[in-house]
Amino acid sequence: MKAVLFDLFGVIARLQSPASQAVLEETIGADRERFWAAYWGHRAPYDRGDVTGPAYWRGVCESLGIAPDARLTADLIAADLDSWSGIDQHAVDLLDTLAGRGHTLGLLSNIPEELAARYETTHPWLERFSVIGFSCRIGSAKPEPAAYAWCVRELGLAPGEILFVDDRADNVAAARELGLGGHVFTTPDALEAALAGPPA
């Protein structure tokens with residue numbers, strides 16, 4: 001493998017914690033089950049950049065019968081950004097290790113514009129990626145084939161020369177269907193071992 005194409009959330013960045021989810025639930029003040037159904041039900045257009053943060057949250061609130069004002073919308077956006085901001089430093093350190101071994105690094109993430117902008121201003125390690133495919137800027141999101149195709153094209157390699165790493169098996173399966181290698185992420189150590197191959 002000449003390149004490793006990383007997912008962001010659940011691999012390098014942490015998924016939402018129960019505490020951060022509770023903040024969102026308390027901020028919107030709706031039934032938990034209905035809230036998360038609306039949250040994810042409206043998420044794809046937001047991740048693809050088809051709608052802005054205020055429009056996304058307006059759709060979520062309307063699904064719940066809530067009339068959002070500017071203050072509630074701002075609070076929801078802030079709580080949502082905070083909920084996706086945790087980083088696994090071990091995974092970040094692995095980027096340097098892989099780059100030192102000659103691997104080209106790429107990033108493919110389903111991420112809305114507000115969150116992408118926050119990462120760009122707060123995480124200089126993004127500069128280690130030669131290709132960054134933020135869904136909100138490339139107009140497609142995993143597991144849509146166009147998202148992977150965009151990264152393959154930008155990396156300038158054959159699909160079989162790229163290992164795609166994601167914590168979701170369905171996203172990895174979609175990459176494999178296009179000819180990329182695939183690794184379902186569990187830990188940085190397990191990824192490093194997979195890249196090293198079997199012992200001689």
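Two strands count as paired if DSSP finds at least two bridges between them. Keep that in mind for the sheet. One caution before we start: this is a predicted model.

Let's take the sheet. Which residue stands opposite Gly 182 in β5? Phe 164 does. That position belongs to the pairing of β4 and β5, which is parallel and runs over four bridges.

Now the whole sheet. Five strands make it up, and the sheet is open. Read across, the order is β3-β2-β1-β4-β5. The pairing is parallel. Which strands sit at the edges? They are β3, residues 131-134, and β5, and each of them pairs on one side only. On average, neighbouring strands are turned by 20° against each other, direction ignored.

Go over to β3. Strand β2, residues 104-109, pairs with β3 over four bridges, again in the parallel sense. Leu 107 has Ile 132 in β3 as its bridge partner.

Back to β5, residues 181-184, and its side chains. In a regular strand, side chains alternate between the two faces of the sheet. Strand β5 shows such alternation. Gly 181 and His 183 point to one face, and they are buried. Gly 182 and Val 184 point to the other face, and they are not buried.

What lies across the sheet? Helix α9 lies across β1, β2, β3 and β4. It runs at about 160° to β3. Angles over 145 degrees count as roughly antiparallel, so that is the word for α9 and β3.

Next, a pair of helices. Two packed helices are described by the angle between their axes and the distance between the axes. Take α1, residues 18-28, and α2, residues 32-41. Their axes are 11 Å apart, at an angle of about 100°. How do α1 and α2 stand to each other, roughly parallel or roughly perpendicular? Roughly perpendicular.

Who meets whom there? From α1 come Gln 21, Leu 24, Glu 25 and Ile 28. From α2 come Arg 32, Phe 35, Trp 36 and Tyr 39. By class, this contact has five nonpolar residues, one polar and two charged.

Last topic: charges. Side chains of opposite charge can pair when their charged atoms come close. How many salt bridges does the structure hold? The count is 15. Here are some of them.

Start with Lys 2 and Glu 161. Their closest N and O atoms are 3.1 Å apart. This salt bridge links distant parts of the chain, 159 residues apart. Lys 2 is in the segment before β1 (3-6). Glu 161 is in the loop between α9 (145-155) and β4 (162-166). Both partners are partly exposed: Lys 2 has a relative accessible area of 48%, and Glu 161 has 24%.

Then Asp 82 and Arg 118. They meet in a salt bridge at 2.8 Å, N to O. This one also links distant parts of the chain, 36 residues apart. Asp 82 sits in helix α5, residues 70-83, and Arg 118 in helix α7, residues 113-122. At 27% relative accessibility, Arg 118 is partly exposed.

Some bridges share partners. Asp 7, Lys 142 and Asp 166 are joined into one network that way.

One more pair: Arg 48 and Asp 50. Their salt bridge is 3.2 Å, N to O. Arg 48 is partly exposed, at 21%. Asp 50 counts as exposed, at 52% relative accessibility, because exposed means over 50%.

How values were computed:
Residues are numbered from 1 along each chain as its sequence is written. This is a predicted model: local features need pLDDT of at least 70, side-chain atom pairs count only at pLDDT 80 or more; totals for chains, interfaces and linings use all residues. Side-chain values use heavy atoms; hydrogens and water are left out. A salt bridge is a side-chain nitrogen of Lys or Arg within 4 Å of a carboxyl oxygen of Asp or Glu. Helices (H or I, at least four residues) and strands (E, at least two) are DSSP runs, numbered from the N terminus. Buried means under 20% relative accessible area, exposed over 50%, partly exposed in between (1.4 Å probe, protein chains only). Axes are lines fitted to C-alpha atoms, for helices over the stretch in contact, and angles run from 0 to 180 degrees between N-to-C directions. Angles under 35 degrees count as roughly parallel, over 145 as roughly antiparallel, 65 to 115 as roughly perpendicular and the rest as oblique. Contact means heavy atoms within 4.5 Å. Ala, Val, Leu, Ile, Met, Phe, Trp, Tyr, Cys and Pro count as nonpolar, Asp, Glu, Lys and Arg as charged, and the others, Gly among them, as polar.
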